[in-house]
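These are my notes on the model you sent, set out as numbered points so that each can be checked against the structure.

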Amino acid sequence: MIAFNDLITATPPPAEGNVKKHGLRIAKSDDERMLAFGWASVAIRVDGEQIEDWQEDMIDPADLENAAYRFVELYREGGEMHERGGVAVLVESCVFTEEKQKALGLEPGTLPVGWWIGFHVTDRDVWEKVKSGEYTMFSIEGEAERVEVEQQ
């Protein structure tokens, strides 16, 4: 099993041809209340390195924050595998920017710059899939404009 810290802290680069990408797993759940919590997206690891996602994209922290606010304002609904909506409701959301971490009294490098979410799963069948481990992570569907970034 991969520890959460392995996903948000620096690790040695993998050998060429042996690159593995990992999702951000559900970090906490409450079976009785059918609640699941975890990182929706992480832009910058605790060591300051920007993360490349499964689509080989990187998201600027300000863009992540704006996307999170828009999602909370306009949508808030959780779906099942991007196919069926209405199976969960957003109950918690915070984008942990460096500024917010400082305001909370957290030392820099304690948390990644990322979006933490929590959902109340309202569909019993979907919750059973969360409990069984079939559904292990969040996937936030969205659209973005792809912009090439020059490597330094």
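1. A word on naming comes before the rest: helices (H or I, at least four residues) and strands (E, at least two) are DSSP runs, numbered from the N terminus. With that in hand, Y135, a residue to which I return below, can be placed in the segment after α4.

2. The model is predicted, and its confidence should be kept in mind while reading the details. The mean pLDDT of the protein is 83, with 82% of the residues reaching 70 or more. Among the elements, strand β5 (residues 113–121) has the highest mean pLDDT, 96, whereas helix α1 (residues 4–8) has the lowest, 40. Over residues 1–22 the pLDDT is below 50, although this stretch has 26 contacts in the model beyond near neighbours in sequence. Where pLDDT is low, the predicted coordinates should not be read in detail.

3. As to the overall arrangement, the protein has four helices and five strands, which follow one another from the N terminus in the order α-β-β-α-β-β-α-β-α. Of its 152 residues, 29% are buried. Among contacts with a separation of 6 or more, 63% are between residues 24 or more positions apart. The accessible surface comes to about 10700 Å², and carbon and sulfur atoms account for 49% of that surface.

4. Strands β3 (residues 77–80) and β4 (residues 84–96) run antiparallel and are joined by three bridges, one residue pairing being that of E80 with R84 in β4. The side chains along β3 alternate, so to speak, between two faces: G78 and E80 point to one face and are buried, while E77 and G79 point to the other and are not. The hairpin of β3 and β4 has three residues between the strands, and M81 there takes a positive phi near 55 degrees.

5. Helix α4 (residues 124–132) has V126, W127 and V130 as buried residues. Because these buried residues fall within an arc of 100 degrees when seen down the axis of α4, they line one face of the helix. D125 and S132, on the other side of α4, are exposed. The buried residues of the helix pack against β1 (26–30), β2 (35–44), β3, β4 and β5.

6. The two ends of α4 also deserve a look. At its start, a side-chain oxygen of D123 reaches to within 3.0 Å of the backbone nitrogen of D125, and just after the helix G133 takes a positive phi of about 95 degrees.

7. Which residues does Y135 touch, not counting those up to four places away in sequence? They are I26, E80, M81, V126, K129 and V130, and with E80 there is also a polar contact of 2.6 Å between the two side chains. Y135 has a relative accessible area of 15%, and because buried means under 20%, the residue is counted as buried. The C-alpha atom of Y135 is separated by 9.2 Å from that of R25, although the two residues are 110 residues apart along the chain.

8. E65, in helix α2 (residues 61–74), is my last point. Is this residue buried or exposed? At 18% relative accessibility, E65 counts as buried. The E65 side chain makes a polar contact of 2.7 Å with the side chain of Y69, and, leaving aside neighbours within four places in sequence, E65 is in contact with V95, T97 and K100.

Definitions and conventions. Residues are numbered from 1 along each chain as its sequence is written. This is a predicted model: local features need pLDDT of at least 70, side-chain atom pairs count only at pLDDT 80 or more; totals for chains, interfaces and linings use all residues. Side-chain values use heavy atoms; hydrogens and water are left out. Buried means under 20% relative accessible area, exposed over 50%, partly exposed in between (1.4 Å probe, protein chains only). Two strands pair if DSSP finds at least two bridges between them. pLDDT is the predictor's confidence in each residue, from 0 to 100. Contact means heavy atoms within 4.5 Å. The arc is that of the directions from the helix axis to the C-beta atoms. A polar contact is a pair of N or O atoms within 3.5 Å; within protein, one must be able to donate a hydrogen and the other to accept it, and residues adjacent in sequence count only if both atoms are side-chain atoms. Accessible areas come from the Shrake-Rupley method with a 1.4 Å probe; for residues, only the protein chains shown count as cover.
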